[in-house]
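Please open the model in your viewer, with the sequence panel at hand, and follow the stops below in order.

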Amino acid sequence: MTEQQFIPQTYSNDIFNGSVAWESPSNIALIKYWGKKQDQIPENPSISFTLNNCKTTTVLTYAKKENAEDFDFKVFLDGEHKPDFEPKIETFFKRIEVYVPFLKLFQFKIETTNTFPHSSGIASSASGMSALALCLMSIEKELQPEMTSEFFNKKASFLARLGSGSACRSIEGDLIVWGENETVQGSSDLFGVKYPYEVHDNFKHYQDTILLVDKGEKQVSSTVGHNLMHGHPFAKQRFMQAHENLSTLKTILKSGDLDAFISLVESEALTLHAMMMTSMPYFILMKPNTLEVINKIWAFRKRTGLHIGFTLDAGANVHILYPKEEKDAILDFIKTDLKGHCQNGQFICDEIGFGAKQLIINN
Ligand code: PMV
């Protein structure tokens, strides 16, 4: 598909006012997206587990307005008006206007809540942008009821990508690939697709316990981080490595080889941080407690033979990944040995999920 195919020709219906609502999850990348071209086109393919519990709920209320000159919207988080969030949404609207040409025809109220604590260091951009993109698609579906659900999901992912790259991987589950790669049929730079191959039962109910090591504001925005991959001395190698890792992961996902899975995923996490440490300017997002946790995970794995591994986002928090069968022992370990390294002892238990859900609103 091309971008052009997401530009609607005409709408068959007219609508005036109403509300739509979606609940959309966060996701955690196994192979990381870090580096982009214009319009959030990724420099390399990525693949993620969709999460189940960390999610954003967005209610989008719309009312036809008199003139169609400007965008007109207000953003509320947990019921409180948040003017600070509005420039980001304005940028998003400008970027997607050509694909959803009804944006200036309505006045919008965007009401959003997250299940995870605000400023927990867990990025709300993936769940937040995907929830908003899905709401806009629900309005487009009202304007064009004959739209297929396949097109609906693709375009929701396409729009979400223009809000925040990784958000395009939050529409569906449980494993989503984004970025063209020759070993994954149907993969695209424009939107995320469901991983189309066999996945071993070992990965079916994978757990992700997120340790909130540092809840502070991110030192570096992901936009700045992605841009630092331009002219980065190791960029070319890194982008090639991500392609190779995806092809290796395909074999691992089929065979169920948990040790190989852990090695590949941990290496990806550390490579992401290595890229940050070797950019100019350079930065370190891991905190002393991140390293403490990693070392304890390694020692515990060695001692017990359990399949516990970690991954990291662009921050200090640690995502602990493990198969459901080993949950009891690993949760015990987290509570006794790792909880003390989390701010206020906080961690969030999550697991693989199956994507966003529409919520029924009585208009
Ligand atoms: O979607 P962005 O622009 O916030 O970038 C996210 C990048 C990482 O979370 C570090 C990796 C990924 O693939 O999700």
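The tour begins with the two domains and the interface they share, then moves to individual loops, and ends with the salt bridges.

**The two domains**

Bear in mind throughout that this is a predicted model. Select residues 3–197 and colour them as domain 1, then select 204–351 and colour them as domain 2, these being the two parts into which the protein is divided. If you place a marker at the C-alpha centre of each domain, the two markers will lie 25 Å apart.

Now display the residues at the boundary: 33 residues of domain 1 are in contact with 42 residues of domain 2. The area buried between domain 1 and domain 2 comes to about 3300 Å², and carbon and sulfur atoms give 67% of this area. Which residues of domain 1 lose the most area to domain 2? Select Ile 31, Lys 32 and Trp 34, which together account for 25% of what the domain 1 side buries.

Between domain 1 and domain 2 there are 13 residue pairs in polar contact, whereas the salt-bridge rule finds zero salt bridges across this interface. To see which elements of domain 1 face domain 2, highlight the strands β1 (17–31), β4 (46–64) and β8 (175–178), each of which gives two or more residues to the side that touches domain 2. Of the elements on that side, β4 gives the most, with seven residues. Colouring by class will show that the side of domain 1 touching domain 2 has 19 nonpolar, ten polar and four charged residues.

**Asn 317 and the residues its side chain reaches**

Next, select Asn 317, which sits in the loop between β11 (309–312) and β12 (318–322). Is this residue buried or exposed? With a relative accessible area of 7%, Asn 317 is buried. Show its side chain and look for two backbone nitrogens: that of Val 213 lies 2.8 Å from a polar side-chain atom of Asn 317, and that of Asp 214 is reached by the Asn 317 side chain at 3.2 Å.

Then select Gly 216, in the loop between β10 (207–211) and α4 (222–227). Gly 216 is partly exposed, its relative accessible area being 37%.

**Backbone features in the loops**

Two peptide bonds deserve a stop with the backbone atoms drawn. The bond from Gly 173 to Asp 174 is cis, with omega near -10 degrees, and Asp 174 belongs to the loop between α3 (149–163) and β8. The bond from Met 280 to Pro 281 is also cis, with omega near 0 degrees, and Pro 281 lies in the loop between α6 (258–277) and α7 (288–304).

Continue with two residues that have a positive phi without being glycine. Gln 40, in the loop between β2 (36–37) and β3 (41–42), has a phi of about 55 degrees and is buried, with a relative accessible area of 5%. Asn 344, in the loop between α8 (327–338) and β13 (347–351), has a phi near 50 degrees but is exposed, with a relative accessible area of 69%.

**Salt bridges**

Finally, show the charged side chains. Side chains of opposite charge can pair when their charged atoms come close. How many salt bridges does the structure hold? The structure holds eleven salt bridges, and a few of them can be visited in turn.

Begin with Lys 155 and Glu 140, whose closest N and O atoms are 2.6 Å apart. This pair links distant parts of the chain, with Lys 155 in helix α3 and Glu 140 in helix α2 (residues 125–143), 15 residues apart. Both Lys 155 and Glu 140 are buried.

Stay on helix α3 for the salt bridge between Lys 154 and Glu 150, at 3.4 Å from N to O. Lys 154 and Glu 150 are four residues apart in that helix, about one turn. Lys 154 counts as partly exposed at 22% relative accessibility, while Glu 150 counts as exposed at 56%.

Then select Lys 82 and Glu 80, which form a salt bridge with their closest N and O atoms 3.9 Å apart; Glu 80 is partly exposed, at 49% relative accessibility. For the last stop, select Glu 23, Lys 55 and Lys 357 together, since these residues are linked in a network of salt bridges.

Methods: Residues are numbered from 1 along each chain as its sequence is written. This is a predicted model: local features need pLDDT of at least 70, side-chain atom pairs count only at pLDDT 80 or more; totals for chains, interfaces and linings use all residues. Side-chain values use heavy atoms; hydrogens and water are left out. Domain bounds come from an automatic or database domain assignment. Contact means heavy atoms within 4.5 Å. Buried area is the accessible area (1.4 Å probe) that two parts lose on being put together, summed over both. A salt bridge is a side-chain nitrogen of Lys or Arg within 4 Å of a carboxyl oxygen of Asp or Glu. A polar contact is a pair of N or O atoms within 3.5 Å; within protein, one must be able to donate a hydrogen and the other to accept it, and residues adjacent in sequence count only if both atoms are side-chain atoms. Ala, Val, Leu, Ile, Met, Phe, Trp, Tyr, Cys and Pro count as nonpolar, Asp, Glu, Lys and Arg as charged, and the others, Gly among them, as polar. Buried means under 20% relative accessible area, exposed over 50%, partly exposed in between (1.4 Å probe, protein chains only).
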